[in-house]
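Please work through the exercises below with the sequence and the coordinates at hand. Each task is followed by a worked solution.

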Amino acid sequence: MSHSADPRPMTARRTGPLSGEALVPGDKSISHRALILGSMAVGETRITGLLEGQDVLDTARAMQALGAQVTQHGPGDWSVHGVGVGGFSSPADVIDCGNSGTGVRLIMGAVATTPISVTFTGDASLSRRPMARVTDPLSQFGTQITAREGGRLPITIQGAADPVPVTYRTPVASAQIKSAILLAGLNAPGDTVVIESEPTRDHSERMLAGFGAQIRTETTSEGHKITLTGRPELRPQPVAVPRDPSSAAFPVAAALIVPGSEIRVPGVSRNPTRDGLYVTLLEMGADITFENPREEGGEPVADLLVRHGPLKGVTVPADRAASMIDEFPILSVIAAFAEGTTVMNGVAELRVKESDRIDAMAVGLRANGVTVEDTRDTMTVHGAAQVAGGGHAVTHLDHRIAMSFLILGLATQQPVTIDDAGPITTSFPDFVPLMMRLGATLD
């Protein structure tokens with residue numbers, strides 16, 4: 001499973017200036033996709049920098065269960081011998097995706113057009129999350145799907161024996177929905193089309209093109225349109241996974257709110273569909289310098305130099321939400337220390353993540369002396385020069401909630417305690433030692 005059976009409470013205490021280099025893990029989104037597309041290629045794909053958090057390891061085990069040969073050669077160094085598009089075989093057992101919404105949704109797409117039967121399950125948190133947003137479009141390929149009430153896990157998929165291509169307009173901005181449909185479209189004849197009202201993270205499109213799929217994107221009167229031609233032979237590729245901007249957000253946030261701090265975070269993805277937090281931080285006046293811009297593995301990356309300094313509240317537009325959807329929890333922590341008010345718009349999707357992240361952050365911030373208002377689709381944080389702290393935060397088995405409140409406690413007047421640090425391993429297994437090497441006090 002993706003978190004410890006017994007809760008592991010942890011406390012963050014006010015600390016002195018942070019300094020040093022933060023080597024954050026590989027990008028989680030790209031790691032999942034590298035394993036899945038490597039498994040659908042013919043031959044060996046070599047992956048370096050793979051995130052070895054629990055979520056990605058669950059995806060690696062799922063690919064093995066479906067017939068791919070997945071081997072770890074060293075830290076972050078993996079190979080995948082794929083079975084080709086449509087080559088998956090029925091697994092001997094249920095596939096447990098732990099806590100990973102990305103993993104389960106993308107793998108469901110990958111198997112939906114192969115005539116095999118697969119049952120998916122997950123932990124308590126994942127089993128509460130909505131899956132109909134993915135299973136509904138997958139059923140249009142001819143896939144038969146059986147789910148628990150409310151379209152939730154466990155779910156059994158009987159892949160389509162004679163799949164048909166699909167044209168689908170996504171009802172919400174979601175890279176997971178888009179990617180699941182594109183992966184299903186790989187084994188459907190003809191063109192599969194996804195139309196988004198606004199672009200979401202484009203790792204799937206970049207990687208599909210790198211593996212040899214015929215895919216094109218265009219802006220039309222209907223919206224952002226992605227067209228994939230089915231039944232390619234995917235070519236194995238070397239994949240260098242850049243460091244995760246969502247994971248980098250935590251040490252970056254700590255440096256911004258702990259007085260006197262200066263840290264460097266090398267090799268972080270600057271993919272424009274994932275860059276919303278950093279755009280927002282610059283608007284807030286954050287002292288962040290992007291050095292040595294370059295391209296690695298088809299993704300733009302840079303080294304971040306981050307220094308503490310004054311911040312001001314801003315209004316985040318709704319059309320930026322898709323490019324920073326995972327970073328709103330940590331942004332709300334940064335906003336607590338900014339002068340003035342920060343308004344985050346377009347955040348309704350946070351209510352169906354690993355937890356209701358808006359509610360979890362609002363309740364936890366209030367418990368630590370921060371004034372917060374929230375609606376279904378907005379969150380407003382009133383900043384202050386000093387934040388009291390002294391509160392207890394419930395993480396709801398959510399790794400990003402856990403890390404956000406531990407960062408908060410590094411700069412509050414009184415310590416901040418979370419109920420369970422166990423879920424952090426799903427995305428950032430080195431989080432606690434990394435932060436302590438920078439000078440954080442966590443116990």
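The exercises that follow concern a predicted model.

**Exercise 1. The two domains**

Determine how the chain is divided into domains and how far apart the domain centres lie.

*Solution.*
Step 1. Domain 1 is built from two segments, 10-25 and 242-442, while domain 2 covers 28-230.
Step 2. Taken over C-alpha atoms, the centres of domain 1 and domain 2 are 28 Å apart.

**Exercise 2. The interface between the domains**

Describe the contact between domain 1 and domain 2 by its residues, its buried area and its polar interactions.

*Solution.*
Step 1. Begin with the residues: 27 from domain 1 are in contact with 24 from domain 2.
Step 2. Turn to the area. The size of an interface is often given as the accessible area lost when the parts come together. Here domain 1 and domain 2 bury about 2000 Å² between them, and carbon and sulfur atoms account for 46% of that area. Within the area that domain 1 buries against domain 2, 25% is supplied by Arg274, Glu354 and Thr426, more than by any other three residues.
Step 3. Count the polar interactions. There are 2 salt bridges between the domains, and 10 residue pairs are in polar contact, both residues being at pLDDT 80 or more.
Step 4. Assign the domain 1 side to secondary structure. Strand S17 (299-307) and helix H11 (399-409) are the elements that give two or more residues to the side touching domain 2. By class, this side of domain 1 comprises 10 nonpolar, 8 polar and 9 charged residues.

**Exercise 3. A salt bridge**

Which residue forms a salt bridge with Arg133, and how far apart are the closest N and O atoms?

*Solution.*
Step 1. The partner of Arg133 is Glu349.
Step 2. The closest N and O atoms of Arg133 and Glu349 are 2.4 Å apart.

**Exercise 4. The environment of helix H3**

Is helix H3 (residues 101-111) largely enclosed or largely open, and what covers its buried residues?

*Solution.*
Step 1. Apply the cut-off for burial, which is under 20% relative accessible area. In H3, 11 of the 11 residues are buried, so the helix is largely enclosed by the rest of the structure. The buried residues include Arg105 as well as Gly101, Leu106 and Met108.
Step 2. Identify the cover. Helices H1 (28-40), H2 (54-65), H4 (132-139) and H5 (175-185) are part of it, as are strands S7 (117-121) and S9.
Step 3. Examine the start of H3. A side-chain oxygen of Ser100 comes to within 2.8 Å of the backbone nitrogen of Gly103.
Step 4. Follow one residue of the covering helix H4, namely Thr135. Thr135 counts as buried because its relative accessibility is 6%. Leaving aside neighbours within four places in sequence, Thr135 is in contact with Met108, Ile145 and Ile155.

**Exercise 5. Backbone features**

Locate the cis peptide bond from Leu153 to Pro154, and describe the settings of Arg231 and His396, two residues with positive phi.

*Solution.*
Step 1. The bond from Leu153 to Pro154 is cis, with omega near 0°. Pro154 belongs to strand S9 (residues 152-158).
Step 2. Arg231 has phi near 65° and lies in the loop that joins strand S13 (223-229) to strand S14 (239-240). Its relative accessibility is 46%, so Arg231 counts as partly exposed.
Step 3. His396 has phi near 55° and lies in the loop between strand S22 (392-393) and H11. With a relative accessible area of 37%, His396 is likewise classed as partly exposed.

**Exercise 6. Two residues compared by accessibility**

Classify Thr11 and Val279 as buried, partly exposed or exposed, and place each in its element.

*Solution.*
Step 1. Thr11 is found in strand S1 (residues 10-13). Thr11 has a relative accessible area of 12% and is therefore buried.
Step 2. Establish the surroundings of Thr11. Its side chain makes a polar contact of 2.8 Å with the side chain of Thr417. Not counting residues up to four places away in sequence, Thr11 touches several residues, among them Leu406, Pro415 and Thr441.
Step 3. Val279 lies in helix H8 (residues 276-283). At 33% relative accessibility, Val279 counts as partly exposed.
Step 4. Relate Val279 to Val306: the two are 27 residues apart along the chain, and their C-alpha atoms are separated by 14 Å.

Note on methods. Residues numbered from 1 in each chain as written. Predicted model: local features only at pLDDT ≥ 70, side-chain atom pairs only at ≥ 80, totals over all residues. Heavy atoms only, no water. Domains from an automatic or database assignment. Contact = heavy atoms within 4.5 Å. Buried area = accessible area lost by both parts, 1.4 Å probe. Salt bridge = Lys/Arg side-chain N within 4 Å of Asp/Glu carboxyl O. Polar contact = N/O pair within 3.5 Å; in protein donor to acceptor, adjacent residues only side chain to side chain. Helix = DSSP H or I, 4+ residues; strand = E, 2+ residues; numbered from the N terminus. Nonpolar A, V, L, I, M, F, W, Y, C, P; charged D, E, K, R; others polar. Buried < 20%, exposed > 50% of the residue type's maximum accessible area, 1.4 Å probe, protein only.
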